[in-house]
Amino acid sequence: MSVIRVVVADDQELVRAGFGMILDAQPDIEVVAEAANGAQALEAVAEHRPDVLLLDVRMPVMDGLEAARRVCAEHPDTKVIMLTTFDIDDYVYDALYAGASGFLLKDVRRDDLAHGVRLVASGEALLAPSVTKRLISEFSARRPTGPGAALRAPARLLEQLTIREQETLRLIARGLSNAEIAAELVVSEHTVKTHVSNVLSKLQLRDRVHAVVFAYEAGAVVAGEG
């Protein structure tokens, strides 16, 4: 069995310890280090090269957003899950631009915590596309400018995609699963997986979360479109 190596970064010792105990109890997950701030998280990732980093949004010395930017840029093989107390958080939105693969609330159930780590480690986005759609559409409408603005996607990049790949991107942004996309396009799920893979590769996106972000920012879909 392949073991998923995890670093937990949170300035609250009880949170770190609690998450560590839950994850270490899983047969396929090992917590290799803990960190109390973003700077320590960077050091831990550089030393241990974990598969997943659980990263608190608000921390001293270096906050989670800056740490996420640094980790995603310097250690692209480490997937980042942001931890937050709030279900909708400006910093979470910006963290998606930084390269995070989703977020978890700190009151997450233990089974959902372990499932989230496994999901992200496998290369998937932690957030369901439909949940991501609501998050991105709300903030796209409320915050047309901000810390992530410089990273927003120019519409011309859509020209790299075939017509069918552009359709697939729009359906991802609408929150459809691969099976639902297959039904919509009248193709097999295997074909859809190929289209999704091509979209991510051509646009240099980490996962479906960032495909949704790209779709909104490039104008492939608009907030409220369903």
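1. Two strands are said to pair if DSSP finds at least two bridges between them. In this predicted model, strand β1 (residues 4-9) and strand β2 pair in the parallel sense over 6 bridges. Within this pairing, Val-6 stands opposite Val-31 in β2.

2. The wider setting is an open sheet of 5 strands with parallel pairing, whose order is β2-β1-β3-β4-β5. Its edge strands are β2 (29-35) and β5 (103-105), each of which pairs on one side only. On average, and with direction ignored, neighbouring strands of this sheet are turned by 25° against each other.

3. Helices also lie against these strands. Helix α1 (residues 13-24) lies across β1, β2, β3 (52-56) and β4 (79-84), and runs at about 165° to β2. Helix α2 (residues 38-48) packs on the sheet as well, where it touches β1, β2 and β3, and its direction makes about 140° with that of β2.

4. A separate point concerns two helices that pack on each other. Two packed helices are described by the angle between their axes and the distance between the axes. Helix α7 (residues 163-173) and helix α10 (residues 208-217) pack at an angle of about 105°, and their axes are 9 Å apart. Because angles of 65 to 115 degrees count as roughly perpendicular, α7 is roughly perpendicular to α10.

5. Which residues make the contact between α7 and α10? From α7 come Leu-169, Ile-172 and Ala-173, while α10 contributes Arg-208, Ala-211, Val-212, Phe-214, Ala-215 and Tyr-216. Sorted by class, this contact of α7 with α10 has 8 nonpolar residues, no polar residues and 1 charged residue.

Notes:
Residues are numbered from 1 along each chain as its sequence is written. This is a predicted model: local features need pLDDT of at least 70, side-chain atom pairs count only at pLDDT 80 or more; totals for chains, interfaces and linings use all residues. Side-chain values use heavy atoms; hydrogens and water are left out. Axes are lines fitted to C-alpha atoms, for helices over the stretch in contact, and angles run from 0 to 180 degrees between N-to-C directions. Helices (H or I, at least four residues) and strands (E, at least two) are DSSP runs, numbered from the N terminus. Angles under 35 degrees count as roughly parallel, over 145 as roughly antiparallel, 65 to 115 as roughly perpendicular and the rest as oblique. Contact means heavy atoms within 4.5 Å. Ala, Val, Leu, Ile, Met, Phe, Trp, Tyr, Cys and Pro count as nonpolar, Asp, Glu, Lys and Arg as charged, and the others, Gly among them, as polar.
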